[in-house]
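User: Please take a close look at one part of this protein, the open sheet and what surrounds it. I am in my first year, so plain wording would help.

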Amino acid sequence: MKDPAVGVQFDVETTRHSGMFGNYGGAYVPEVLAGKLTTLAATFREAIADPAFRRELKYYLRDFVGRPSPLYLAERLSAEIGARIYLKREDLNHTGAHKINNTVGQALLAKRLGAKTLIAETGAGQHGVATATVAALFGMKCIVFMGSEDVRRQAPNVERMKLLGAELVTTDAGTATLKDAVDAALGYYIQHPDVFYCLGSAVGPHPYPSIVREFQSVIGAEARTQILEAEGRLPDILLACVGGGSNAIGLFSAFLGDPAVEMFGAEGGGTDVAGRRTAATLTCGKPTVFQGTYSYCLVDEQGQPVDAYSVSAGLDYPGIGPEHAYLKDTGRVQYAPVMDDQAIAAFRLLSRSEGIIPAIESAHAVALASQVLRGTGKLAIINLSGRGDKDIGRF
Ligand SMILES: Cc1ncc(COP(=O)(O)O)c(C=O)c1O
């Protein structure tokens, strides 16, 4: 079978591994990567069971990233919407988003494997910055792949990556956005399997969705303790934006076993869901194999992956992590598109009502909150996945 994502011939049946979420997930990769991913899965399992690894991870999360991130009661936003809303302040992490939680963890895995080079894809630039940051921290080389459209729309993060010593490889393929950056990074990984691919979301072949979930689960674990301390009870509703799905699964994971806690994922609706100028993968897509995993994907009539569109570079992706596909099908989490103009309005609303300028990605979750929570009086947590410095002057 030919994988349109990586353009390499491989046999699905012989390279499929575990890492299933219901029917979704697996590892659809060429033979050259299958062995690497098996080693990575084993190293990951050993590492998270090793108290020394956990101690080191905790140390960097506290003293380098600045965790725990606060759970902040947004009083003016709450009054505006008519609910009781807390913000999980991932925007306050070092480098300004949740992405650093995952890159610290993956860089420690890379160290354990003896890798000297980290490669990464990036859309909004936050994962690229977070990877360049940990590469500098641990004295590793870093190569970041980014679409030229995203280089244009997230310019401040491009400068940050360069300052941190990363080599930036720009791609003009396709729409020159996140999907094309992932293709370029996967292509490089296939040619250079000795590097460590630091994948930025809960997507791609097994074991990446499980690795990224684990390293982002700190968000939900902290939020659960913090809300119980502040309110003496669990929240009614959780909300997060969904690109590949890492900040959302990081928050949701601690509450999946609590049936009374409702969960909502905000997809990048773009400008026209019916006309397919959208990145609303779970709303409009179909299950298919894409970039190494079986999950929902935006496809054409022939079932081939198509380009996504969202004003938000971090949500502008036609795929989605396999666990979210499973959570959608089982009805445990509800996913809804948020249109560009609604997200931009929420970007302004949060800036003016709370003095917090959110990333345009996170603004999608705020916009969905203002629909779902309006006048309900419910207790909610919105995952504020990142800060909006990179988006200033864009709208
Ligand atoms: C601030 C921010 N939030 C959310 C996302 C979306 O990614 P994910 O769905 O993996 O959390 C990105 C991606 O770049 C981002 O930069």
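Analyst: What follows starts at the sheet and works outwards to the helix beside it, the two domains, the ligand and some less common backbone details.

The model is a predicted one. The sheet is open and has four strands, in the order S7-S6-S5-S8, with parallel pairing. The edges are taken by strand S7 (167-171) and strand S8 (196-197). Each of these has a single partner strand, so one side of each is left without a neighbour in the sheet.

Strand S5 (residues 117-122) and strand S6 (residues 141-147) run parallel and are joined by six bridges. Two residue pairs can be picked out between them. Leu-118 stands opposite Cys-142 in S6, and Glu-121 has Phe-145 of S6 as its bridge partner. In a regular strand, side chains alternate between the two faces of the sheet. Is S5 enclosed or not enclosed by the rest of the structure? Five of its six residues are buried, so S5 is largely enclosed. Here a residue counts as buried if 20 or more other C-beta atoms lie within 10 Å of its own.

Next comes the helix beside these strands. Helix H6 (residues 126-138) packs on the sheet and touches both S5 and S6. The direction of H6 makes about 175° with that of S6.

Ala-136 is one residue of helix H6. Ala-136 has 14 C-beta neighbours inside 10 Å, and therefore counts as partly exposed. If residues up to four places away in sequence are left out, Ala-136 touches Leu-164 and Gly-165. By contrast, Thr-278 is 142 residues from Ala-136 along the chain, and the C-alpha atoms of the two are separated by 36 Å.

To place this part in the whole, consider the domains. The protein chain is divided into domain 1 (23-58 + 99-209) and domain 2 (68-97 + 217-391). Their C-alpha centres lie 22 Å apart. The contact between them takes 35 residues from domain 1 and 35 residues from domain 2. On the side of domain 1 that touches domain 2, H6 is one of the elements that give two or more residues. The others are strand S2 (24-25), helix H5 (99-112), helix H7 (148-153), helix H8 (155-163) and helix H9 (178-191). By class, this side of domain 1 has 16 nonpolar, 15 polar and four charged residues.

The ligand brings H6 in again. There are 21 residues around the ligand, and Ser-201, Gly-243, Ser-246, Gly-314 and Gly-386 come nearest. Helix H6 gives two or more residues to this shell, as do strand S9 (237-242), helix H11 (246-252) and helix H15 (360-372). H11 gives the most, with three residues. The shell has seven nonpolar, 13 polar and one charged residues. Where does the ligand lie relative to domain 1 and domain 2? Both domains give residues to the shell around the ligand, so the ligand lies between them.

Some backbone details remain. Most residues other than glycine have a negative phi, and most peptide bonds are trans. Ala-176, in the loop between S7 and H9, has a positive phi of about 55° although it is not a glycine. With 19 C-beta neighbours inside 10 Å, Ala-176 counts as partly exposed.

Two peptide bonds are cis. One runs from His-206 to Pro-207, with omega near 15°, and Pro-207 lies in the loop between S8 and helix H10 (208-231). Another joins Arg-67 and Pro-68, with omega about 0°. Pro-68 lies in the loop between helix H3 (51-65) and strand S3 (71-73).

A hairpin elsewhere in the chain gives a second case of positive phi. Strand S12 (residues 286-290) and strand S13 (residues 293-297) run antiparallel and are joined by five bridges. One of the pairs is Pro-287 with Tyr-296 in S13. The hairpin has two residues between the strands, and there Gln-291 takes a positive phi near 45°. Gln-291 is buried, because 27 other C-beta atoms lie within 10 Å.

Conventions. Residues are numbered from 1 along each chain as its sequence is written. This is a predicted model: local features need pLDDT of at least 70, side-chain atom pairs count only at pLDDT 80 or more; totals for chains, interfaces and linings use all residues. Two strands pair if DSSP finds at least two bridges between them. Two residues are in contact if their C-beta atoms, placed from the backbone, lie within 7 Å. Axes are lines fitted to C-alpha atoms, for helices over the stretch in contact, and angles run from 0 to 180 degrees between N-to-C directions. A residue is near a molecule or strand if its C-beta atom, placed from the backbone, lies within 6 Å of it. Ala, Val, Leu, Ile, Met, Phe, Trp, Tyr, Cys and Pro count as nonpolar, Asp, Glu, Lys and Arg as charged, and the others, Gly among them, as polar. Domain bounds come from an automatic or database domain assignment. A residue is buried if 20 or more other C-beta atoms lie within 10 Å of its own, exposed if 12 or fewer, and partly exposed in between; C-beta atoms are placed from the backbone.
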